[in-house]
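Trainee: I've got this one open on my screen and I'd like to talk it through with you. Can we take it a piece at a time?

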Amino acid sequence: MAAPVNAETVRENPGGQIVAFALHIAELRAAEEQVEFDGTCDSACTLYLSLPPGQLCITRRASFGFHLPYGVGAEQNAAAAQYLVSQYPDWVRQWIGEHGGLTHTIMRMGADEAAQHLALCGVLA
């Protein structure tokens, strides 16, 4: 899939507030805007993977870092983790499970693994 000129490019994104990402991703979903991954996408940034696969493409530099949410309190962190996991597509949940589940240590999915489920940017289907 070739990324359109107006596609959002995600690279070297460390994540941040889950709510802010969830709201932005809802806007992208409604607008059917394309998202290109061209570098690291960590923590809350991985919520982009909840978009329909037709809106996403990756380059060989893409990678995704997953970990348990932290920073507010045990109850809120547990709710945030449940939300994150519920938003991921089945293939992401399966990958996380195969790698021991979410912990406080980041685990990284590389482009080769993600390319089994997402189109490569610039490659026509």
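**Two buried loop residues and the overall fold**

Mentor: Sure. Let's start with a side-chain pair: the side chains of Thr46 and Tyr88 make a polar contact at 2.6 Å. Keep in mind that this is a predicted model.

Trainee: Where does Thr46 sit, and is it buried or exposed?

Mentor: Thr46 is in the loop that runs between β3 (40-42) and β4 (56-58). Buried means under 20% relative accessible area. Thr46 has a relative accessibility of 0%, so the call is buried.

Trainee: Which residues does Thr46 touch, leaving out those up to four places away in sequence?

Mentor: Tyr88 we've already met, through the polar contact with the Thr46 side chain. Tyr88 is also on the contact list, and the full set is Cys41, Phe64, Gly65, Phe66 and Tyr88.

Trainee: Now Leu118. Is Leu118 buried or exposed?

Mentor: Look for Leu118 in the loop between α4 (111-114) and β7 (119-120). The cut-off for buried is under 20%. Leu118 comes in at 6% relative accessibility, so Leu118 counts as buried.

Trainee: What is Leu118 in contact with, apart from neighbours within four places in sequence?

Mentor: Contact here means heavy atoms within 4.5 Å. By that rule, the partners of Leu118 are Leu49, Pro53, Leu56, Ile58 and Trp91.

Trainee: And what separates the C-alpha atoms of Leu118 and Ala81?

Mentor: Along the chain, Leu118 and Ala81 are 37 residues apart. In space, their C-alpha atoms are separated by 23 Å.

Trainee: Zooming out, in what order do the elements run from the N terminus?

Mentor: The protein has four helices and seven strands to place. From the N terminus on, the order is β-α-β-β-β-β-α-α-β-α-β.

Trainee: How does the radius of gyration fit a compact globule?

Mentor: The C-alpha atoms fill a box of roughly 45 × 30 × 25 Å along the principal axes. For 125 residues, a compact globule would have a radius of gyration near 14 Å. The protein's own value agrees with that, at 14 Å.

Trainee: What share of the contacts with a separation of 6 or more joins residues 24 or more positions apart?

Mentor: Buried residues, for context, make up 45% of the 125. As for those contacts, the share from residues 24 or more positions apart is 66%.

Trainee: Last one: how far apart do the centres of the positive and negative side chains lie?

Mentor: There are 6 positive and 13 negative side chains in the protein. The centres of the two sets lie apart by 4 Å.

Conventions. Residues are numbered from 1 along each chain as its sequence is written. This is a predicted model: local features need pLDDT of at least 70, side-chain atom pairs count only at pLDDT 80 or more; totals for chains, interfaces and linings use all residues. Side-chain values use heavy atoms; hydrogens and water are left out. Helices (H or I, at least four residues) and strands (E, at least two) are DSSP runs, numbered from the N terminus. Buried means under 20% relative accessible area, exposed over 50%, partly exposed in between (1.4 Å probe, protein chains only). The radius of gyration is taken over C-alpha atoms; the globule rule is 2.2 Å times the number of residues to the power 0.38. Lys and Arg count as positive and Asp and Glu as negative; His and the chain ends are not counted. The place of a charge is taken as NZ of Lys, CZ of Arg, CG of Asp or CD of Glu. A polar contact is a pair of N or O atoms within 3.5 Å; within protein, one must be able to donate a hydrogen and the other to accept it, and residues adjacent in sequence count only if both atoms are side-chain atoms.
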